[in-house]
Amino acid sequence: MFNEVSLSLEIGGRQLTLKTGKIARQSNGAVMVQYGDTILLSTVNRSKNAREGIDFFPLTVDYVEKYYAAGKFPGGFNKREARPSTNATLIARLIDRPIRPMFPEGFHYDVHIVNTTLSYDGVCTPDFMGIVGSSIALTVSDIPFMGPVAGVVVGMIDGEFILNPTPEQLKVSELDLSVAGSMDAINMVEAGAKEIDEETMLKAIMFAHDNIKKLCQFQMEFQALVGKEKIEFQAPEVMPIVKNFIDQNGATKLKEAVLTTGKKAREEAVDKLEEVLFEEFVNVNFGEEEIPADVIAEFAKYYHDLMKEQVRDAILYNKHRVDGRATTEIRDLAAEVNVLPIVHGSALFTRGETQALVVATLGTKEDEQLIDGLDEEYFKKFYLHYNFPPYSVGETGRMGAPGRRELGHGSLAERALSYVMPSVEDFPYTVRLVSEITESNGSSSQASICGGSLALMHAGVPIKEHVAGIAMGLIKKNDDYVVLTDIMGLEDHLGDMDFKVAGTKVGITALQMDMKIAGISEDIMRIALKQALDARLQILDLMNNTISNTNELAPTVPRIHQMVIPKDKIAVLIGPGGKNIKGIIETTGATIDIEDDGRVSIFCKGIEILEETIKLVNGYVKDVEVGEVYLGRVVNIAKFGAFMEILPGKEGLLHVSEISLERVANVEDVLKVGDTFEVKVISTENGKISLSRKKLLQEMTAE
C-alpha cells in the first residue's frame, strides 16, 4: 500500500533516519526525521501561483510541539495545545533563518513549512532536526531551493567539542552553539557561551560546518532516491520603461539623497525624491492616462533596488558609509544609570539613534517564571522582556502581544547576560529585566544587553562583570567584501549579514548571525569577530566609567535572608496545618520559602522586619542552649515557680529560688501571667529547660 523510502546516517554517535512516502503524502514534500527516539514530521507546500504585486518572499515556518510526544498533558483549562510557547517560537525562528536565504530572488509563491514533534525522548532535541527536516522536505519537493542546508548543535566540556549534546550535557557545557549552513558556507549561528574567546568560538563553528557537510551530502543522496523535478522559475526582468527613466533622471540625485545625514532626514530626502521622480515619470509616459498597477509597483521596487545598489557600492568600493563613519567606527555612545525613581535599577543606553531604557526588578521565589514544554517543568530566576513600540521608529502602529521578533531579541539579550548572573546561593532574588526600545536605528537587541548590564549593576545584582554587545554587517559582491562595525538600520536592511556578538572583556557570552546570501567563509567570520571584539572593548570602557561596582540594594528592594535548618525541623517550622509558618507571616508580613533540603529564604520590606522574622523562625528551629539569654513570657504559675515561653513552642521552668536575689515566699506576689523579662538557661538535662533570673541579676550587680 505504501511505497516508503528510508535512508540512515550515523552522526554524533546516534542514527539519523529519513523516511518518506507513508505519512502526509498530499504535501509537496514530507519527510519523517528520526534521531534516537525523537521523531519530527517536516512538510512543505506552495501555492499554485505566485503572488502578484508584492516585493517579498511569503514564507511561513511553523514549529509545533505536541505534548503527547513526551507523554504529557497540556496545561490550562482546555487541555489542548494552543498558542506556541516562547521556546517553540524561538525554534521556528531558528529554522526559518538558514532556510529563507536559499530561495531564488523574485520567487513569490507562498511557501509553508510545518515541523511537528511527534515523539520526544528527552535526549535528542528537535531544534536542529527542524532545520534538517525542512531542508530535505524542500529538497525532495518541486519547489526551487538552493540547498540543501543542515544544522547541528555543538557543546564543549573539558575543552572537547560535543556534537548534538543532550540536555543533561548542555547543563554543564561551556558552550551552547547552533550552526546551520550549506556544503560551501555557513549562513546561521546562534550561541551562548561562558566567556569563550573568539578563536575557540571560530573553531567550534568550523567543527559544526564539517558535520553540516556530511548532512548535506546525506540529503542529496536521499534526493536522488525520491526527489521531484523542480518547477521552472525565472525572475522577471525589470520593465525597460521604468529602468531607463530612473537610470537617466534619478540615479545621480539618488546618490546625493542617500548620503543625507540622520535617519529621519535621509528617509525624507529619499522619499521626496521618489515622489518627484514618479510625478515626472507619469507626465512623460502616461499624461492623463490611468497608470497600470504593475507599473506603479515596478517603479517603487526598482527605485528601492537602485538605492540599495548605490549604498552598497559606495560602502564596498569607496568605504563611504551614509553617515560618514569609517567601516570600523562605532556611532556616538552615551550611558547613564538611576534614570527612574522607585524602580530597583534603571539605565539608559544610547548608541547613535538607537536607545534602550532598561529597568531591573528584584523579587522573590513567587516571581519565578514557570517554563512548561516537552521537557520537565522548571522555573527561571532570571528573565528579560524586550519591547519594541512603534514610536521607537517614529511610526504609528498597533500594540499587542510580543511577536517573534520581540521574543527573539529578548531571548538573545537574556542569554548574553545569563552567564554573568550570580548563583542562587550567592543572590537568591528573582530578577526581571525589561528593555523598552525608545529609539531604533539598528541593533536594539545589543543596546538592550548594554543597558541591561548597567541596570543590573545599578540594582545591586552582583554580576560577574559588564556585558556589551555590537552588531556587524557585510557588503559582498562576487569576491569583494567589506565588514562593517555597528550597522545602522539601513545597512542592516541593504546588507548581506547581521552578525551580533556580545560578551565581557574575557570572552563571548552570546552570538547570533543571520545571512541574506547563501553564506560566508571562515575568513569573513574571523574578521567580523575581530572587529566585534575591538568595538566591544570600547563600549565596555564607557559602561565601566558609568558604573563599575555593584550598588547597595535600593530601599524599595525587598530584603532577603537565607538560612539552612535541619531537615527534621522543617515540620516544626511549618507546624500542624501550617499554623506556625502562617503565624510568622501574619505577624511580620514576610514572604517565606522553605525548600525540601532545609533552605529557608525570608523576604521582607525593611531590615527591622527581616530581623524580627529571623528571630521568630529561629524560635522554632534553633535548640535552646545552656548559657543563652532569652526574652521569656510567663505562661503559667505554680507554687514552686513559673513556666515561661522563651521561644515559640519552647517552655522552661523558672524555679521560685531563681526568681530574685532575695527569698520569694509566694510566686504570685512577684509574677503574673503575661510578664516578660530576660532569663538565662542554666540546664537542659533530660530535655527539661531550667531558667534563672537570679543569675542575670547577680551578673548585673557584679558589673
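In β29, which residue is the bridge partner of L653? The tour comes to it at the second stop.

**Before you start**

This is a predicted model, in which local features need pLDDT of at least 70 and side-chain atom pairs count only at pLDDT 80 or more, while totals for chains, interfaces and linings use all residues. Residues are numbered from 1 along each chain as its sequence is written, and side-chain values use heavy atoms, with hydrogens and water left out. Helices (H or I, at least four residues) and strands (E, at least two) are DSSP runs, numbered from the N terminus.

**Stop 1: the six-stranded sheet**

Select β1 (5-11) and β5 (59-65). They belong to an open sheet of six strands with mixed pairing, in the order β1-β2-β3-β4-β6-β5. β1 and β5 stand at the edges and have a single partner strand each, so one side of each is left without a neighbour in the sheet. Two strands pair if DSSP finds at least two bridges between them. On average, neighbouring strands of this sheet are turned by 15 degrees against each other, direction ignored.

Add strand β6 (residues 109-119), which runs parallel to β5 and is joined to β5 by seven bridges. Within this pair, Y63 stands opposite N115 in β6. Now show helix α1 (residues 86-99), which packs on the sheet and touches β5 and β6. The direction of α1 makes about 140 degrees with that of β5. Axes are lines fitted to C-alpha atoms, for helices over the stretch in contact, and angles run from 0 to 180 degrees between N-to-C directions.

**Stop 2: strand β27 and its partners**

Select β27 (residues 650-655) and show its side chains, which alternate along the strand. K650, G652 and L654 point to one face and are buried, whereas E651, L653 and H655 point to the other and are not. Buried means under 20% relative accessible area, exposed means over 50%, and partly exposed lies in between (1.4 Å probe, protein chains only).

Strand β26 (residues 641-647) pairs with β27 in the antiparallel sense over six bridges. The bridge partner of F643 in β27 is L653. Two residues lie between the strands of this hairpin, and G649 takes a positive phi near 80 degrees there.

Next add strand β29 (residues 690-692), which pairs with β27 in the parallel sense over two bridges. Here is the residue asked for at the start: the bridge partner of L653 in β29 is S690.

**Stop 3: helices α5, α7 and α8**

Select α7 (residues 263-285) and α8 (residues 293-318), whose axes come within 11 Å and cross at roughly 135 degrees. That makes α7 oblique to α8. Angles under 35 degrees count as roughly parallel, over 145 as roughly antiparallel, 65 to 115 as roughly perpendicular and the rest as oblique. Where they meet, V270, L273, E274, L277, F278 and F281 in α7 face V295, I296, F299, A300, Y303 and M307 in α8. Contact means heavy atoms within 4.5 Å. By class, this contact has eleven nonpolar, no polar and one charged residues. Ala, Val, Leu, Ile, Met, Phe, Trp, Tyr, Cys and Pro count as nonpolar, Asp, Glu, Lys and Arg as charged, and the others, Gly among them, as polar.

Keep α7 and add α5 (residues 240-249); α5 and α7 pack at an angle of about 125 degrees, with their axes 11 Å apart. They are therefore oblique to each other. I241, V242, F245 and N249 of α5 make the contact with L277, E280, F281, V284 and N285 of α7.

**Stop 4: single residues**

- Select G147 and P148, which are joined by a cis peptide bond with omega of about 5 degrees. P148 is in the loop between α2 (127-140) and β7 (150-157).
- Go to K319, in the loop between α8 and β11 (333-337). K319 is not a glycine, yet has a positive phi of about 55 degrees.
- Go to N478, in the loop between β18 (468-477) and β19 (480-485). N478 is not a glycine either, and has a positive phi of about 60 degrees. N478 is exposed, with a relative accessible area of 64%.
- Finish at K194, in strand β10 (residues 186-196). Is K194 buried or partly exposed? At 42% relative accessibility, K194 counts as partly exposed. Leaving out residues up to four places away in sequence, K194 touches V172, S173, E174, Y419 and I508.
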